[in-house]
Amino acid sequence: MNTLAYSGGPGPWILLFPLFWAAVVIGGVTLLRRTVRRGRRGPWQARTTGETPAEPSPISRLGRRFAAGEIDEDEYWRRLSVLDEQFGRGSKGGVA
């Protein structure tokens, strides 16, 4: 009674099924990790696509100058109040 349905066991091909699913899971995890690591931009948008880096905001530049000791505390707070009116959280960069 040797039929096509039973020919002595599945043979070595049975190992391909777990390997296939392992490759799918590893690929999914890798894709997810790369997407999260790149700030949800996706792995297909590489960082070296010719994009120019965003210019730092005037407030962050002022903070760097204060941290480096280029300006004193009084000047920092005076300039920060002016910049906060123009570039602060509540405004959109225009005239209020």
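In what order do the elements of the protein chain run from the N terminus on? They run α-α-α. The model is a predicted one. Its secondary structure comes to three helices and zero strands. The protein chain has 96 residues, and 9% of them count as buried. Among contacts in the chain with a separation of 6 or more, 16% join residues 24 or more positions apart.

Start with helix α3. This helix covers residues 73-87. It has 15 residues and reaches 20 Å from its first C-alpha to its last. That is close to the 21 Å expected at 1.5 Å a residue. Its buried residues are E75, Y76, L80 and L83.

What do the buried residues of α3 pack against? They pack against α2, residues 58-68. Two packed helices are described by the angle between their axes and the distance between the axes. Here the axes of α2 and α3 come within 10 Å. They cross at roughly 175°. An angle over 145 degrees counts as roughly antiparallel, so α2 is roughly antiparallel to α3.

The contact can be read residue by residue. From α2 come P58, I59, L62, G63, R65 and F66. From α3 come E73, Y76, R79, L80, L83, D84 and F87. By class, the residues of this contact divide into eight nonpolar, one polar and four charged.

Next, the core. In soluble globular proteins, nonpolar side chains tend to be buried together. In this model, the largest nonpolar core has five residues: L62, I71, Y76, L80 and L83. Helix α3 supplies the largest share of this core, with three residues.

Y76 deserves a look of its own. It is one of the core residues and one of the buried residues of α3. Which residues does Y76 contact, leaving aside its neighbours within four places in sequence? They are L62, G63, F66 and I71. Of these, L62 and I71 belong to the core with Y76. L62, G63 and F66 are among the α2 residues that meet α3.

Finally, turn to S81, which also lies in helix α3. Is S81 buried, partly exposed or exposed? Its relative accessibility is 39%. Buried means under 20% and exposed over 50%, so S81 counts as partly exposed. I59 is 22 residues away from S81 along the chain. The C-alpha atoms of S81 and I59 are separated by 9.9 Å. I59 itself is one of the α2 residues in the contact with α3.

Notes. Residues are numbered from 1 along each chain as its sequence is written. This is a predicted model: local features need pLDDT of at least 70, side-chain atom pairs count only at pLDDT 80 or more; totals for chains, interfaces and linings use all residues. Side-chain values use heavy atoms; hydrogens and water are left out. A nonpolar core is a set of buried Ala, Val, Leu, Ile, Met, Phe, Trp, Tyr and Cys residues joined through side-chain atoms within 4.5 Å. Buried means under 20% relative accessible area, exposed over 50%, partly exposed in between (1.4 Å probe, protein chains only). Helices (H or I, at least four residues) and strands (E, at least two) are DSSP runs, numbered from the N terminus. Contact means heavy atoms within 4.5 Å. The expected span of a helix is 1.5 Å times one less than its number of residues. Axes are lines fitted to C-alpha atoms, for helices over the stretch in contact, and angles run from 0 to 180 degrees between N-to-C directions. Angles under 35 degrees count as roughly parallel, over 145 as roughly antiparallel, 65 to 115 as roughly perpendicular and the rest as oblique. Ala, Val, Leu, Ile, Met, Phe, Trp, Tyr, Cys and Pro count as nonpolar, Asp, Glu, Lys and Arg as charged, and the others, Gly among them, as polar.
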